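Work through the exercises below with the sequence and the model side by side, and try each task before reading the solution that follows.

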Amino acid sequence: MLARAMTRSLTLYSTLACQLCERAEALLRSMPELSYVALRVVDVADHAVLLERYGARIPVLASEVRELDWPFNADDVLELL
């Protein structure tokens with residue numbers, strides 16, 4: 001119960017018209033275990049620095065301490081938290 005009280009966050013670095021990004025976001029939104037997690041989706045095309053860092057790697061899922069490159073699955077996401 002305490003874990004639900006603490007808000008955790010994940011950031012999905014993505015862009016428009018990216019099928020892999022859409023699959024990654026669909027996976028994350030389908031996971032009931034993430035109902036207490038704030039998911040932020042960031043379009044790297046809107047930020048030059050992020051585009052440079054993630055453009056060739058997207059989708060990338062980031063927590064406060066580390067990142068996951070695609071492909072990732074539900075188990076990988078839960079381990080990231």
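**Exercise 1.** In this predicted model, decide whether Glu-25 is buried, partly exposed or exposed, and then find the residue with which Glu-25 forms a salt bridge.

*Solution.* Begin with the accessibility of Glu-25, which stands at 25%. Because buried means under 20% and exposed means over 50%, Glu-25 counts as partly exposed. Next, look for the salt-bridge partner, which is Arg-29, with the closest N and O atoms 2.9 Å apart. Arg-29 has a relative accessible area of 53% and is therefore exposed. Finally, place the two residues in the fold: both belong to helix H2, which covers residues 19-30, and because they are four residues apart there, about one helical turn separates them.

**Exercise 2.** Work out which parts of the chain are linked by the salt bridge between Glu-67 and Arg-57, and state how exposed each of these two residues is.

*Solution.* First take the contact itself, in which the closest N and O atoms of Glu-67 and Arg-57 are 2.9 Å apart. The bridge connects distant parts of the chain, since Glu-67 sits in strand E4 (residues 67-69) while Arg-57 sits in the loop between helix H3 (48-54) and strand E3 (60-62), 10 residues apart. Then turn to accessibility: Glu-67 is partly exposed at 25%, and Arg-57 is partly exposed at 29%.

**Exercise 3.** Identify the network of salt bridges to which Asp-69 belongs.

*Solution.* Start from the salt bridge in which the side chains of Asp-69 and Arg-57 meet, at 2.8 Å from N to O. This pair, too, links distant parts of the chain, with Asp-69 in strand E4 and Arg-57 in the loop between H3 and E3, 12 residues apart. Asp-69 has a relative accessible area of 38%, so it is partly exposed. Now follow the shared partners, which join Arg-53, Arg-57, Glu-67 and Asp-69 into one network. For the model as a whole, the count of salt bridges comes to five.

**Exercise 4.** Is Thr-11 buried or exposed, and which residues does Thr-11 touch when those up to four places away in sequence are not counted?

*Solution.* Locate Thr-11 in strand E1, which runs over residues 8-14. The relative accessibility of Thr-11 is 11%, so this residue counts as buried. With the residues up to four places away in sequence set aside, the contacts of Thr-11 are Arg-40, Val-42, Val-60, Leu-61 and Ala-62.

Note on methods: Residues are numbered from 1 along each chain as its sequence is written. This is a predicted model: local features need pLDDT of at least 70, side-chain atom pairs count only at pLDDT 80 or more; totals for chains, interfaces and linings use all residues. Side-chain values use heavy atoms; hydrogens and water are left out. Buried means under 20% relative accessible area, exposed over 50%, partly exposed in between (1.4 Å probe, protein chains only). Contact means heavy atoms within 4.5 Å. A salt bridge is a side-chain nitrogen of Lys or Arg within 4 Å of a carboxyl oxygen of Asp or Glu.
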